[in-house]
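Subject: Structure handover and notes

Hi there,

Here is the structure I promised to pass on to you. Please open it alongside this email, and you will find my notes on it underneath.

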Amino acid sequence: MALTPLTRVQHATVLALVEARRLDVVPADLARATSFLRQAEERLEQLPLLTSVVVRYGIAYDVCHDTGEALLAAYGFRTTNGPGQHEALGRYLRAVLDRPPADRAAREFDRLRRARNQDRYEAKPVGAAATEKAEQVARTLFDAALARDLSP
């Protein structure tokens, strides 16, 4: 199978992120994409072994982030350097994962990011329900990336 091409609308939305200097165009790198997906998969496999709600949330968020990085690499983009990289990644996910159920998960990534920032920078830990939601979002995003056949 081959990498699922972006639709005209997806491509236009991503190019708008490039024009807004949120993303840079780089050579597509399916090997890098595969590496990010392997990391995401390993983290997903570890989630059931963890007992800390906060640690599970962080790992689930990392799965989402790795999945987004895989999609960026596969299609030849990266976030620009500087503040707001995770927010830009969320915009990219919403642009390329625009069909159910991945569209809902892509929108949810921004909520996960804000909760993670509150935990990390304001010492406001997440609860069990937020962690369960983060794990569901992580799985949905990962499955959506696999469906795009990012393998080299």
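A quick definition first, since it comes up throughout: a residue is called buried when its relative accessible area is under 20%, exposed when that area is over 50%, and partly exposed in between. By that standard Phe 77 and Tyr 92 are both buried. Please keep in mind that this is a predicted model.

**Helix H1**

Let me start with helix H1, which covers residues 8–19. Its twelve residues, at 1.5 Å a residue, should span 16 Å, and the C-alpha atoms at its ends are indeed 16 Å apart, so expectation and model agree. Which residues of H1 are buried? They are Gln 10, Val 14 and Leu 17. Looking down the axis of H1, you will see these buried residues fall within an arc of 50°, so they line one face of the helix. The general background is that an α-helix has 3.6 residues a turn, so residues three or four places apart point the same way. On the face of H1 turned away from the buried side sit the exposed residues Arg 8, Val 9 and Glu 19.

What covers the buried residues of H1? The cover includes strand E1 (23–25), strand E2 (77–79) and helix H4 (85–96). After H1 comes Arg 21, which has a positive phi, near 65°.

**Aromatic pairs**

There are two aromatic pairs in the structure. In one of them, Tyr 61 and Phe 109 have ring centres 5.2 Å apart and planes at 15°; stacked pairs are those with planes under 30 degrees apart, so this pair is stacked. Tyr 61 belongs to helix H3 (residues 53–75) and Phe 109 to helix H5 (residues 102–122), so the pair ties together parts that lie 48 residues apart in sequence. Tyr 61 and Phe 109 are both buried.

The other pair is Phe 77 with Tyr 92, whose ring centres are 6.1 Å apart with planes at 50°, so this pair is tilted. Phe 77 lies in strand E2 and Tyr 92 in helix H4, so here the parts tied together are 15 residues apart in sequence. Strand E2 and helix H4 should ring a bell, as both are included in what covers the buried residues of H1.

**Salt bridges**

How many salt bridges does the structure hold? The count is 13. Glu 87 and Arg 22 meet through their side chains in one of them, at 2.7 Å from N to O. This pair links distant parts of the chain, with Glu 87 in helix H4 and Arg 22 in the loop between H1 and E1, 65 residues apart. Are these two partners buried or exposed? Both Glu 87 and Arg 22 are buried.

Glu 135 and Arg 56 also form a salt bridge, with their closest N and O atoms 2.6 Å apart. Here too distant parts of the chain are linked: Glu 135 is in helix H6 and Arg 56 in helix H3, 79 residues apart. Arg 56 has a relative accessible area of 18%, so it counts as buried.

Asp 103 and Arg 104 form a salt bridge at 4.0 Å, N to O. Asp 103 is buried, at 15% relative accessible area, whereas Arg 104 is partly exposed at 46%. Shared partners also join Arg 22, Glu 87 and Arg 91 into one network of salt bridges.

**A few more residues in H5 and beyond**

Asp 103 is found in helix H5. Apart from residues up to four places away in sequence, Asp 103 touches Leu 97 and Asp 98. Arg 107 is also placed in helix H5, and with a relative accessible area of 42% Arg 107 is partly exposed. The C-alpha atoms of Arg 107 and Arg 94 are separated by 6.1 Å, with these positions 13 residues apart along the chain count.

Finally, have a look at Leu 150, in the segment after helix H6 (128–147). Leu 150 has 2% relative accessibility, so it counts as buried. Setting aside neighbours within four places in sequence, its contacts include Leu 3, Leu 30, Ala 33, Leu 71 and Ala 145. By contrast, the C-alpha atoms of Leu 150 and Pro 83, 67 residues apart along the chain, are separated by 27 Å.

Best wishes, and happy exploring!

Notes
Residues are numbered from 1 along each chain as its sequence is written. This is a predicted model: local features need pLDDT of at least 70, side-chain atom pairs count only at pLDDT 80 or more; totals for chains, interfaces and linings use all residues. Side-chain values use heavy atoms; hydrogens and water are left out. Helices (H or I, at least four residues) and strands (E, at least two) are DSSP runs, numbered from the N terminus. The expected span of a helix is 1.5 Å times one less than its number of residues. Buried means under 20% relative accessible area, exposed over 50%, partly exposed in between (1.4 Å probe, protein chains only). The arc is that of the directions from the helix axis to the C-beta atoms. Contact means heavy atoms within 4.5 Å. Rings of Phe, Tyr and Trp (its six-membered ring) pair if their centres lie within 6.5 Å; planes under 30 degrees apart count as stacked, over 60 as edge-to-face and the rest as tilted.
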